[in-house]
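Hi,

Here is the structure I said I would pass on. Have a look at it first, and my notes follow underneath.

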Amino acid sequence: MSERKERKTAIIAAIGENGELGAENQLLWRLPKDTAFFTDKIKLLPTIMGRKTAESPDMEHSDYQNIIVSRQQGYQLRDFEIAENLNQAWALVAAENREVMVCGGAQIYNLTIQDVDRLYITHVHATFSQADAFFPPIDPAIWKKVSEEYHPKDHEHTHDMTFCIYEKI
């Protein structure tokens, strides 16, 4: 744990107004600007994610290092390193001096939100009753919003959205 805290760690996610992440392992919206934002943020950084997130058809992957946390014995996915738990995943990036991105899903977010330094959150301005995966609450006593950039819906984007960056207080 102390090794991990020598560098910055972050979560990146897009969430609906009630913390919705997706349904049946897929996103609930079509937002090319968010996809570009996500890809730009993770492209050259190590990423940590759960198995279902890695297998999602919506998931973009880093060009640098991708780690899947999975308890499934013998699980393999091309171009990914596999960790049996989060401690093992953090150990795989222990020597990194660049930001490490946690990319989901809901279970991984819940297990890491108290330990990361920064949140990159796209707030999708809509609710989604069909959601079956949710992001943990962003507690304003713990997280300070340091940046926000609003984007209205248009012919390419199904919903308004705001890109926000939160720093741990």
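Before anything else, a word on terms: "buried" here means under 20% relative accessible area. Also keep in mind that this is a predicted model.

With that cut-off in hand, start at strand E7, residues 118-124, where 7 of the 7 residues are buried. In a regular strand the side chains alternate between the two faces of the sheet. For E7, both faces turn out to be covered. Arg118, Tyr120, Thr122 and Val124 are buried on one side, and Leu119, Ile121 and His123 are buried on the other.

What does E7 pair with? Strand E1 (residues 9-15) runs parallel to E7 and is joined to it by 6 bridges. One of the residues involved is Ile11, whose bridge partner in E7 is Leu119. Strand E10 (residues 161-168) is antiparallel to E7, with 7 bridges joining the two. There, Thr122 has Phe163 of E10 as its bridge partner.

Phe163 comes up again when you look at the aromatic rings. The whole structure has 3 aromatic pairs. In one of them, Phe37 and Phe163 have ring centres 4.4 Å apart and planes at 10 degrees, so they count as stacked. Phe37 belongs to helix H1 (residues 32-42) and Phe163 to strand E10, so this pair ties together parts of the chain 126 residues apart in sequence. Both rings belong to buried residues: Phe37 has a relative accessible area of 15%, and Phe163 has 8%.

There is a ring with a charge over it as well. The charged end of Arg98 sits over the ring of Tyr64, 3.9 Å from the ring centre.

One more residue to click on is Thr53, in helix H2 (residues 51-55). Is Thr53 buried or exposed? Its relative accessibility is 12%, so Thr53 counts as buried. Setting aside neighbours within four places in sequence, Thr53 is in contact with Asn25, Met59, Cys103, Gly104 and Gly105. As for Ile68, 15 residues from Thr53 along the chain, the two C-alpha atoms are separated by 8.7 Å.

Finally, the record: an unreviewed UniProt entry carries the annotation "domain: DHFR" for residues 8-168. Over that stretch the chain is 19% helix and 32% strand. The C-alpha atoms at the two ends of residues 8-168 are 11 Å apart.

If you open just one view, I'd go for Phe163: it is the bridge partner of Thr122 and stacks with Phe37.

Cheers

Key: Residues are numbered from 1 along each chain as its sequence is written. This is a predicted model: local features need pLDDT of at least 70, side-chain atom pairs count only at pLDDT 80 or more; totals for chains, interfaces and linings use all residues. Side-chain values use heavy atoms; hydrogens and water are left out. Buried means under 20% relative accessible area, exposed over 50%, partly exposed in between (1.4 Å probe, protein chains only). Helices (H or I, at least four residues) and strands (E, at least two) are DSSP runs, numbered from the N terminus. Two strands pair if DSSP finds at least two bridges between them. Contact means heavy atoms within 4.5 Å. UniProt positions are given in the numbering used here, feature names are shortened, and annotations may be inferred rather than shown by experiment. Rings of Phe, Tyr and Trp (its six-membered ring) pair if their centres lie within 6.5 Å; planes under 30 degrees apart count as stacked, over 60 as edge-to-face and the rest as tilted. A charge sits over a ring if NZ of Lys or CZ of Arg is within 6 Å of the ring centre and within 35 degrees of the ring normal.
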